[in-house]
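Subject: Structure handover

Dear colleague,

Please find below the structure that I promised to pass on to you. My notes follow it.

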Amino acid sequence: MSAFQALLYRDMKLAFRAGGGASLAMAFFGLVISLQPFGVGPDLMLLSRIAGGVLWVTAALAAMLSLDRLFQADYEDGSLDIIALSPLSLEWAATAKMLAHWLTTGLPLVLLSPLLGLLLNLPAPGYLPLIMSLMIGTPALSGIGAIGAALTLSIRRGGLILVLIVLPLISPTLIFGAGTVIDAIEGTGRGAFALLAAFSVAVVGLSPFAAAASVRLNLAN
Amino acid sequence: MAVLSLVEVQDLLCERGGRRVFRNLSFAVATGQTLTLEGPNGAGKTSALRILSGLLPQTAGEVRVHMSAGYVVSDGEERGRLTGWVGHYDGVKGQLSVSENASFFAALYGARVAVQGVLDRVGLSRIADLPAQYLSAGQRKRLSLARLILSGRPLWLMDEPLSSLDAAGRRLTAELIGEHCDAGGIAIVATHETLGLDATRFFLGQA
């Protein structure tokens, strides 16, 4: 097994064990979405109009939940030193961690989303675009999140600062992601999906370098 | 093994948080030798080890690792690839079992020895399936030693390896360091206690 796989599998294992964030994110996503109709009221027309946006915002927030521990847990118990000294470069290590975060948080959210779309009376043409946009967009959440997590890894209770750093940066993903769903429902072709994909590719390509640089900076302190 | 011939530290200066930790630190350790770094709390033993490992950049001065192949490594990250590390924090994940922890280290470092044998050696094979959160401090230290062996690295940097170990654990640590050095490795150990083996002693912080 390569060093990259080793780190990927370990992080995935940890995400599903006690204290890991995988089930937490899904539970949060499910709960918040099922609470929406209680707040908004049983107006099916209204619900189906806001469904795309609400699903996207909630999914993004759910993906943030487990981010603060992405590097911090390893920093606090010394694992990050061990990883930094391993044959794996920090760029690859950051990639493995982002991928593990996406596989244990982003992907389950994608799979859960059609079910929750049903709860919000998402119109039929919206389902495939919802799944596709979350599939393409959530890796960007993990990528930007990893940068934020690497920047705040040495700050105790850094989770809130992390959210303050990350949420503004993920607004393009939110706009184009929700836009993709709305485009499909209303039949407008504004190219939101293409922009979403472009943004994701750029983020996924660049974030390992940014995250690795922040980790290096934090370790050298 | 004998991939290293000499680790040389010259006029090392370390400042942290605007405070000078140590200056003019110079020593050399040749293949097969153990060096202990001793000194009062705050003398900079841990900082010195972190600089040697390349994790912490030095403020000034040089660290050179002479390889037996003839070239010299002075870059911090390259030095890290030669380093086996035992720090204050053991990097053990409580949610994973002892053998899961060890297998992860083995795969991460591309170990060429069997995990089972190494766990046997450090006396953890009977509790290999136990989640590591139930380990005592001394047992966690033993797991760190297992990682050190699995790393297969020629330069061992150890920060207080004897803390929380029992008498047998201390003997084991000394044995492992001895074998490592006999095989041509180098060990640099920060400690307050005597290792129980032939080592050059270096005192930090008399300045």
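How many residues lie between β1(B) and β2(B) in the hairpin that they form? There are two, and G17(B), which sits in the turn, has a positive phi of about 60°. Please keep in mind that this is a predicted model, in which local features need pLDDT of at least 70 and side-chain atom pairs count only at pLDDT 80 or more, whereas totals for chains, interfaces and linings use all residues. Residues are numbered from 1 along each chain as its sequence is written, while chains are lettered from A and ligands numbered from 1 in the order in which they are written.

The antiparallel sheet

The hairpin belongs to an open, antiparallel sheet of four strands in chain B, with the order β2-β1-β4-β5; helices (H or I, at least four residues) and strands (E, at least two) are DSSP runs, numbered from the N terminus. Because β2 (19–30) and β5 (72–73) of chain B are at the edges and have a single partner strand each, one side of each is left without a neighbour in the sheet. Strand β1 (residues 4–16) of chain B pairs with β2(B) over eight bridges in the antiparallel sense, where pairing requires that DSSP finds at least two bridges between two strands. Along this pair, E8(B) stands opposite A28(B), and C14(B) has F22(B) as its bridge partner. Helix α1 (residues 45–53) of chain B lies across β1, β2 and β4 (60–67) of chain B, and runs at about 125° to β1(B); axes are lines fitted to C-alpha atoms, for helices over the stretch in contact, and angles run from 0 to 180 degrees between N-to-C directions.

The parallel sheet

A parallel, open sheet in chain B has five strands in the order β6-β7-β8-β3-β9, and its twist averages 15° from one strand to the next. Within this sheet, β3 (residues 34–38) and β8 (residues 186–190) of chain B pair over four bridges, with T34(B) bridged to A187(B). Helix α6 (residues 167–182) of chain B lies across β3, β7 (155–159) and β8 of chain B, at about 145° to β8(B).

The contact with chain A

Finally, 20 residues of chain B are in contact with 22 residues of chain A, contact meaning that the C-beta atoms, placed from the backbone, lie within 7 Å. On the side of chain B that touches chain A, β6 (83–86) and α3 (98–109) of chain B each supply at least two residues, and α3(B) gives the most, with four.

With best regards

Definitions and conventions
Two residues are in contact if their C-beta atoms, placed from the backbone, lie within 7 Å.
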